Amino acid sequence: MTTATATEPATPPPRAPSLRRYGRMLGRYLRPQWRAATALALLLLSSIGLQLLVPQILRRFIDAAGVSAAGGGGIDAAMLAAPVWWAPGGLAGLALLFMVVALLTQLLGAAATYAGAAVGWTATNALRGDLARHCLGLDLGFHKTRTAGEMIERIDGDVTALSDFFAQFSVRVLGGVLLLAGILTVLWFENVWIGAAMTLFMLLEFAVLARTREVAVPATTLEREAHAKLFGFIEERLAGIEDVRANGGGPHALHRFLVPVRTFFFHTRRAWMLRSVVWLSSYGLFVLGSLVTLGASIHLVTIGAITLGTGYMVFQYMIMLQAPIEQITQQMQHLQRAGASIGRVDELLRTQSALARDGERRLPAGPLEVHFEAVRFGYADAPPRTPPILDGIDFRLAPGRVLGLLGRTGSGKTTLTRLLFRFYDPDAGSVRLAGIPTPALDLDDLRRRVGMVTQDVQLFQASVRENLSFFDRAIPDQRLRDVLHEVGLGEWLEHLPDGLDTLVKAAGGNLSAGEAQLLAFARVFLEDPGLVILDEPSSRLDPVTERHLERCIERLLRGRTAIIIAHRLETVERADEVMILDAGRIAEHGERRRLAADPGSRYARLLAAGRGRGGLEAHPDLLELA
């Protein structure tokens, strides 16, 4: 007894994503921003060119100052060769040029960083939107196995971990590589031996980076998963804070909190230590390279092979290598975090809904016929050998008829309605609306044409307009006002301080239970469905509000097919038919009046039991059914 749920790819042991996956991810979300990326490339190239120019200016300045100190009186033409366009005569000119170039370098670097962040965050937000849209399209079985906190961490936390990868990778890594290439090119032109030595040093650095790049990816993947579990635990406890406090469960909840916290701590510490291997190995090599370069430069200056300015220029280039190397190593650490996140994002994007969305047929206007034919269904996560929730459900509800659905808790009432929304597909049999099997229907159209109101109204921390329209800006305000008047909230709307723009607090904190229920009815009126499902929407209201809601229900059911899930017998009085479920099977189904008049029917016995508990005086509305 199983049913399909979202199919996820097999989860092998976590390993580092290939460079092709990084490139595919970058290309997919950066390609639409090619103009901004082109501007970013120009800023990077200009900034790198000016950075390479600074040591050249300093060399000429030091050599010129040395000639002046020796009594040469200005720049020695033989030593400094013919003047070039960027080297004006005199120490003052060189100093001024140095300051201008240094300032421009900083400005261009800041502009490149800003442009890179803008491009990166735009790409990150696009990825976050795609991931959220994909998750909203997965079937309910997928969401039932994950807490809200875990899903928030998967959609937002993992994508946020990619923000540095998107925002800084192009600026820091690409810019660093270009700067390294420029420095090596200049050094090769200056001196073949120096250029060769620096090239070997860089090859050694990159060899170390390549060896250590993948070290921390598996540990970082576990860190991200532990983070998601921690978020899920916190979300669950906060959602049930009233029950936890009322039942004295605080100490127990805090004790259980230690388990995900401890797991997160150890996974985070291990991942951080492994990511540090990249930085430590790279920095150690750089310190060694700096010492060798400094010693070689001093030796060459001492023997007269190069000038003091050239020696300083070589050492300055070596120092300049530190910044791009550090940037690249830092990004390699970010890359390891991004690698874990990319793996989890890829896994989520490759998860497919068990509900195929290839249906194209649309439901007709007006009330809808409901037909269950030999339906059998059980949840995939149910324990082994558990009986199915629904077993052999077979009935037909004609258009415009109202069905009262009765049964104990766990009898399958709510599950039956979930199949009508196609939150799940049955394991066997078929569910039809207007004679069309639900898998053949366009899923969005199906859910527009089936409306539902429950006891627990889900309201968002948003305006009244957005709570009614589910953030659909295409619905005109006048249509919203008309619907609110239709359900009896016209006067309430007029007294709101900002009308439709009035903010509704989270979970309807600033609304009464009746106002919240009426807003839920307004949502259904707005869609004008052909089938309405009511799950005892008035059971938690006071008598005055309940009577007002009853009038609203009368208007809602007019001209529509309806299924009313009832927990109280009074609720089904407006039903044309009554169905009683017991252990997933139909125990009784027929015309309400006929069943009420038949002393041997279950429905009649329920009515009699209701009279016995409270007496006819307590239930005068049952006299007609006696």
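**View 1. Leu-433 and Ile-436 meet as bridge partners where strand S5 pairs.** In this predicted model, let us start at a strand pair: the partner of Leu-433 in S5 is Ile-436. Strand S4, covering residues 428-433, and S5 pair in the antiparallel sense, over two bridges.

**View 2. An open sheet of four strands runs in the order S2-S1-S4-S5.** Stepping back from the S4 and S5 pair, we find antiparallel pairing in this open sheet. Which strands are at the edges? They are strand S2 (390-397) and strand S5 (436-437), each of which pairs on one side only. Helix H13, made of residues 413-420, lies across S2, S4 and strand S1 (370-377). Relative to S1, helix H13 runs at about 115°.

**View 3. Arg-376 and Asp-391 form a salt bridge within the sheet's strands S1 and S2.** Their closest N and O atoms are 2.9 Å apart. Because Asp-391 belongs to strand S2 and Arg-376 to strand S1, the pair ties together parts 15 residues apart in sequence. Are the two partners buried or partly exposed? Asp-391 is buried, with 17% relative accessible area, while Arg-376 counts as partly exposed at 33%.

**View 4. Arg-422 has a positive phi although it is not a glycine.** The value is about 60°. Look for Arg-422 in the loop between H13 and S4, two elements already met in the sheet view. With a relative accessible area of 2%, Arg-422 is buried, since buried means under 20%.

**View 5. Arg-465 and Asp-501 join distant parts of the chain through a salt bridge.** Here the side chains meet at 2.4 Å, N to O. Arg-465 sits in helix H15 (residues 464-469), and Asp-501 in the loop between helix H17 (490-494) and strand S8 (503-504), with their positions 36 residues apart in the chain. Asp-501 is partly exposed at 46% relative accessibility, and Arg-465 is also partly exposed, at 21%.

**View 6. Phe-470 is another residue other than glycine with a positive phi.** Its phi is near 50°. To find Phe-470, follow the loop between H15 and helix H16 (477-486). At 46% relative accessibility, this Phe-470 side of the story is a partly exposed one.

**View 7. Glu-554 and Arg-574 pair across a helix and a loop.** Their side chains form a salt bridge, at 3.5 Å from N to O. Glu-554 lies in helix H19 (residues 543-557) and Arg-574 in the loop between strand S10 (561-565) and strand S11 (577-582), so parts 20 residues apart in sequence are tied together. Glu-554 is partly exposed, with a relative accessible area of 42%.

**View 8. Arg-362, Asp-445 and Arg-448 belong to one network of salt bridges.** Shared partners are what join these residues. Why can such contacts form? Side chains of opposite charge can pair when their charged atoms come close. How many salt bridges does the structure hold? The count is 15.

**View 9. Six side chains, from Leu-96 to Leu-107, make a nonpolar surface patch.** Leu-96, Met-99, Val-100, Leu-103, Leu-104 and Leu-107 contribute to its area of about 580 Å². Val-100 can be found in helix H4, residues 91-136. With 42% relative accessibility, Val-100 counts as partly exposed.

Definitions and conventions: Residues numbered from 1 in each chain as written. Predicted model: local features only at pLDDT ≥ 70, side-chain atom pairs only at ≥ 80, totals over all residues. Heavy atoms only, no water. Pairing = 2+ DSSP bridges. Contact = heavy atoms within 4.5 Å. Axes fitted to C-alpha atoms, helices over the stretch in contact; angles between N-to-C directions. Patch = residues over 30% accessible without salt bridge, like charges linked within 9 Å, V, L, I, M, F, W, Y side chains within 5 Å. Areas by Shrake-Rupley, 256 points an atom, 1.4 Å probe, with all protein chains shown as cover. Salt bridge = Lys/Arg side-chain N within 4 Å of Asp/Glu carboxyl O. Buried < 20%, exposed > 50% of the residue type's maximum accessible area, 1.4 Å probe, protein only.
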